[in-house]
Amino acid sequence: MGRTYNEELEYIEKITPNSYKIKKGFVPNMNVEGIFYINQHLEKLMFDELRQFANFGGVGGFLPGMKQIANVAALPGIVHRSVGLPDIHSGYGFAIGNMAAFDVNDPLSIVSPGGVGFDINCGVRLIRTNLNVKDVEPFKEQIVQSLFDHIPVGVGSKGIIPMGANDLEEALEMGMDWSLREGYIWAEDKEHCEEYGRMLQADPSKVSTKAKKRGLPQLGTLGAGNHYAEIQVVEEIFDTHAAKRMGLDHCGQVCVMIHCGSRGLGHQVATDALVAMERAMARDKIIVNDRQLACARINSTEGQDYLSAMAAAANYAWVNRSSMTFLTRQAFGKVFNSTPDDLDMHVIYDVSHNIAKIEEHMVNGCLKTLLVHRKGATRAFPPHHPLIPVDYQLTGQPVLIGGSMGTCSYVLTGTEVGMKETFGTTCHGAGRALSRAKSRRNLDYNQVLDKLKSQGISIRVASPKLVMEEAPESYKNVTDVVDTCHAAGISKKAIKLRPIAVIKG
């Protein structure tokens with residue numbers, strides 16, 4: 001039998017108004033403590049999840065977020081602590097909304113595909129325009145239809161960007177440099193992208209034929225699930241200096257947010273790695289608390305192969321978002337009878353929220369080289385950090401937080417506090433509150449559409465079932481999530497965006 005709920009609570013301690021510590025002993029073999037960030041509204045969800053789990057004797061169903069944070073804290077080579085962000089919810093191995101960093105120079109340190117997720121480099125890109133909401137409203141149905149026509153969406157959607165096997169090999173290696181060479185992006189798009197849109201350790205030869213086969217027809221497609229392209233309007237500006245630097249300097253300004261990842265290719269890379277790592281764990285006698293935390297030593301063949309394949313999948317995702325940027329610019333140019341250049345359709349930033357990266361951070365006063373896993377978590381580097389673009393050196397890195405369908409989104413900036421507390425990491429979105437199955441049972445397709453209509457939001461969707469799964473009621477309140485990160489100081493609110501049109505798979 002597992003511990004009772006009250007016994008579990010003995011290991012959880014509130015340390016600030018917005019954070020709780022998970023003490024060692026909450027699960028076996030913890031090397032470091034856990035921490036999770038939360039506010040009053042989100043607290044109930046987290047503790048209810050733990051209570052239900054304890055009431056069932058600690059068996060069956062999804063592991064609660066707190067247990068997953070703690071299981072990650074038991075992985076070999078982890079430093080500092082296992083961090084849960086306010087949008088945290090159950091995931092494969094790692095919770096979605098979990099950050100963990102491992103010392104690259106510790107021979108026992110591991111890399112775990114569960115700490116990146118199946119949709120490698122799922123991320124968000126924000127494109128501004130010089131249009132105002134009053135310019136767009138009369139053409140709203142036309143522009144949302146044009147986007148829907150230009151961008152292939154849905155589960156089996158096929159890309160319209162010409163792509164042969166050799167092109168795919170080059171895209172996997174070159175990332176956005178391939179898009180630039182082929183004329184799909186502007187040179188400055190790269191400047192405003194994490195890693196400049198290319199991970200240099202990518203090795204296409206480490207990506208399986210099956211993964212490539214899945215990825216070949218899907219480049220430039222939005223896919224399904226929680227992915228979307230949204231036309232949004234600046235509703236509120238919290239930091240005028242940061243907003244000015246981003247070129248989003250007045251309320252009513254229109255922009256486009258694209259949220260997607262590496263499609264079937266990334267999923268297959270993760271699946272392939274998990275199989276290889278199960279064998280590596282048996283060979284290297286790596287013990288984990290949860291089978292889903294399959295991992296390999298960073299410096300093992302399996303660890304290095306995964307990192308090379310993951311980087312290639314990340315490059316694919318950047319090419320994918322770049323291809324959709326190209327299609328978005330075309331769609332807007334067509335409807336407004338103008339050029340994307342004249343419409344000022346610049347990329348503000350592109351962030352990843354499912355990725356593992358080698359970074360340097362201070363740990364107990366020493367500079368260490370770490371492999372930082374961010375799953376459902378966004379990099380949020382502070383002002384003056386060398387890895388962020390010149391344009392944002394004084395404001396900190398833009399952090400794009402997508403809401404759920406029909407709710408607001410936010411742009412945040414990175415902070416020094418976040419750099420110390422979470423290795424420059426913050427939340428990534430709203431985070432699920434209901435499972436997909438529960439959403440389909442509890443919600444009605446037409447009611448969800450009527451509600452969006454009443455909010456003045458136009459929608460185009462490929463699959464009706466998806467509307468229930470992605471309804472705002474299925475998610476935590478994104479404002480609660482963002483406010484918690486702001487209050488904890490791990491990122492800072494800059495801009496609030498409101499959707500006026502959405503396309504989904």
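**Exercise 1. Overall form**

What radius of gyration does the protein chain have, and how does that value stand against the one for a compact globule of 505 residues?

Solution. The model is a predicted one. Step one is the reference value: for 505 residues, a compact globule would have a radius of gyration near 23 Å. Step two is the value of the chain itself, 21 Å, which agrees with the globule figure. Step three adds the outline: along the principal axes, the C-alpha atoms fill a box of roughly 65 × 45 × 45 Å.

**Exercise 2. Contents, burial and surface**

Describe the secondary structure, the burial, the contacts and the charges of the protein chain.

Solution. Begin with the elements: the chain has 17 helices and 19 strands. Next comes burial, where 62% of the 505 residues count as buried. For contacts, take those with a separation of 6 or more; residues 24 or more positions apart account for 75% of them. The exposed area is about 18,800 Å², and carbon and sulfur atoms supply 52% of that area. Last, the chain carries 54 positive and 55 negative charges, and the mean positions of these two sets are 4 Å apart.

**Exercise 3. The annotated binding site**

Which residues does UniProt list for "binding site", and why can they be said to gather at one spot?

Solution. The unreviewed UniProt entry lists Asp119, Cys122 and His227 under this heading. These residues span 109 residues in sequence, yet no two of their C-alpha atoms are more than 10.9 Å apart, so they gather at one spot.

Now place two of them. Asp119 lies in the loop between β6 (110–111) and β7 (123–132), and Cys122 is in the loop between β6 and β7.

Then apply the cut-off for burial, which is under 20% relative accessible area. Asp119, at 16% relative accessibility, counts as buried. Cys122, at 5%, also counts as buried.

Finally, check the contacts, leaving aside neighbours within four places in sequence. Asp119 is in contact with His227, Gly261, Ser262, Arg263 and Asn354. Cys122 touches a set of residues that includes His227, His259, Cys260, Gly261 and Asn354. His227, itself on the UniProt list, therefore appears among the contacts of Asp119 and among those of Cys122.

**Exercise 4. The annotated active site**

Is His428 buried or exposed, and which residues is His428 in contact with beyond its sequence neighbours?

Solution. The residue comes from the record: the unreviewed UniProt entry lists His428 for "active site". His428 is in the loop between β17 (425–426) and α14 (436–442). Its relative accessibility is 12%, and His428 counts as buried. Leaving aside neighbours within four places in sequence, the contacts of His428 are Asp87, Ile96, His353, Gly376, Ala377, Thr378, Leu400, Ile401 and Gly402. One of these, His353, is also touched by Cys122.

**Exercise 5. Positive phi**

What phi values do Asn29 and Asp344 have, and where does each residue lie?

Solution. Start from the general expectation: most residues other than glycine have a negative phi. Asn29 has a phi near 65°, a positive value in a residue other than glycine. Asp344 is not a glycine either, and its phi is about 60°.

As to location, Asn29 is found in the loop between β2 (19–22) and β3 (33–37). Asp344 lies in the loop between α12 (301–335) and β11 (347–352).

As to accessibility, Asn29 is exposed, with a relative accessible area of 52%. Asp344 has 21% and counts as partly exposed.

**Exercise 6. Two pairs of residues**

How many Å separate the C-alpha atoms of Ile358 and Leu370, and how many those of Arg51 and Leu9?

Solution. For the first pair, Ile358 is found in strand β12 (residues 354–363) and is partly exposed, with a relative accessible area of 44%. Leu370 is 12 residues away along the chain, and the C-alpha atoms of the pair are separated by 5.6 Å. Leu370 is also in contact with Ile358, as are Val104, Thr369 and Leu371.

For the second pair, Arg51 is in helix α2 (residues 40–55) and counts as partly exposed at 34% relative accessibility. Arg51 and Leu9 are 42 residues apart along the chain, and their C-alpha atoms are separated by 9.5 Å.

Definitions and conventions
Residues are numbered from 1 along each chain as its sequence is written. This is a predicted model: local features need pLDDT of at least 70, side-chain atom pairs count only at pLDDT 80 or more; totals for chains, interfaces and linings use all residues. Side-chain values use heavy atoms; hydrogens and water are left out. Helices (H or I, at least four residues) and strands (E, at least two) are DSSP runs, numbered from the N terminus. The radius of gyration is taken over C-alpha atoms; the globule rule is 2.2 Å times the number of residues to the power 0.38. Buried means under 20% relative accessible area, exposed over 50%, partly exposed in between (1.4 Å probe, protein chains only). Contact means heavy atoms within 4.5 Å. Accessible areas come from the Shrake-Rupley method with a 1.4 Å probe; for residues, only the protein chains shown count as cover. Lys and Arg count as positive and Asp and Glu as negative; His and the chain ends are not counted. The place of a charge is taken as NZ of Lys, CZ of Arg, CG of Asp or CD of Glu. UniProt positions are given in the numbering used here, feature names are shortened, and annotations may be inferred rather than shown by experiment.
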